[in-house]
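User: Please take a close look at one part of this protein, the second largest pocket, and describe what surrounds it. I would like one connected account that I can follow with the model open.

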Amino acid sequence: MDLAQRIRDSFDRQSLMATLEARLTAIAPGAVEITAPILPGVRQQQGHAHAALSFALGDTAAGYAALTVLPEDMEVVTSEIKIHLLAPGRGEQVLARGRVVRPGRRLVIVTADVFALRDGQEHHIALLTGTMVPVPASG
């Protein structure tokens, strides 16, 4: 199975991403991009995208970036991930770009930049750094 199809098949099994109406918009070795609309149900009290949306998309983009550098019989789980919130998530969509910083057999170090898309421009709203752990694929 080719890399993009493998990532898409796995992504399609994530019910949270379906709930958020998230879409994979780019897949390359060591890098994945995901977008999602800022829906009424994912806003905080001031009307901006909730930080949980930034976290969910950033974690997922970073995880799939890690998966792109692993063998087909492996998956990943997040061991730890940290988020730096940089600005309010004002806009129509959120975009997360995950990438591998350092691949490894036991640990994959990752990062994700999260942007709010507003009036056709990207506004950097969060930075995530973390560690993914390769695990055997289930099933």
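Analyst: A pocket here is an open set of grid points where a 1.4 Å probe fits, with protein on both sides within 12 Å along at least five of seven lines, and its volume is the space filled by probe spheres set on those points. In this predicted model, the second largest pocket holds about 180 Å³ of space by that reckoning. Its lining is made up of Met1, Arg6, Asp9, Ser10, Arg13, Leu67, Glu72, Met74, Glu75, Ala137 and Ser138. Two elements, H1 and S3, each give two or more residues to this lining, and the largest share, three residues, comes from H1. Sorted by class, the lining has five charged residues, four nonpolar and two polar.

Since H1 has that largest share, the helix deserves a closer look. It spans residues 3-12, and within it Arg6, Ile7, Ser10 and Phe11 are buried. These four cover an arc of only 130° around the axis, which is why they fall on the same side of H1. The spacing fits a general rule: an α-helix has 3.6 residues a turn, so residues three or four places apart point the same way. The buried residues of H1 are covered by parts of the chain that include helix H2 (15-19), strands S1 (23-28) and S2 (31-37), helix H3 (51-67) and strand S3 (74-85). Of the buried residues, Arg6 and Ser10 are also named in the lining of the second largest pocket.

Ser10 leads on to the largest pocket, which has a volume of about 290 Å³. Of the 13 residues that line the largest pocket, those closest to its centre are Ser10, Gln14, Gly63, Tyr64 and Val76. There H3 and S3 are the elements that give two or more residues, with H3 providing the largest share, five residues. The lining of the largest pocket divides into five nonpolar, five polar and three charged residues.

Strand S3, which contributes two or more residues to the lining of the second largest pocket, can be followed further into its pairing. S3 pairs with strand S6 (residues 121-136) in the antiparallel sense over 11 bridges, and Val77 has Val133 in S6 as its bridge partner. S6 in turn pairs with strand S5 (residues 108-118), again in the antiparallel sense and over 11 bridges, and Thr111 stands opposite Thr129 in S6. In the hairpin of S5 and S6, with two residues between the strands, Asp119 takes a positive phi near 55°.

Conventions: Residues are numbered from 1 along each chain as its sequence is written. This is a predicted model: local features need pLDDT of at least 70, side-chain atom pairs count only at pLDDT 80 or more; totals for chains, interfaces and linings use all residues. Side-chain values use heavy atoms; hydrogens and water are left out. Buried means under 20% relative accessible area, exposed over 50%, partly exposed in between (1.4 Å probe, protein chains only). The arc is that of the directions from the helix axis to the C-beta atoms. Contact means heavy atoms within 4.5 Å. On a 1 Å grid over the protein atoms alone, a cavity is a set of points where a 1.4 Å probe fits but cannot get out, and a pocket is an open set with protein on both sides within 12 Å along at least five of seven lines; lining residues have an atom within 4 Å of a point. Ala, Val, Leu, Ile, Met, Phe, Trp, Tyr, Cys and Pro count as nonpolar, Asp, Glu, Lys and Arg as charged, and the others, Gly among them, as polar. Two strands pair if DSSP finds at least two bridges between them.
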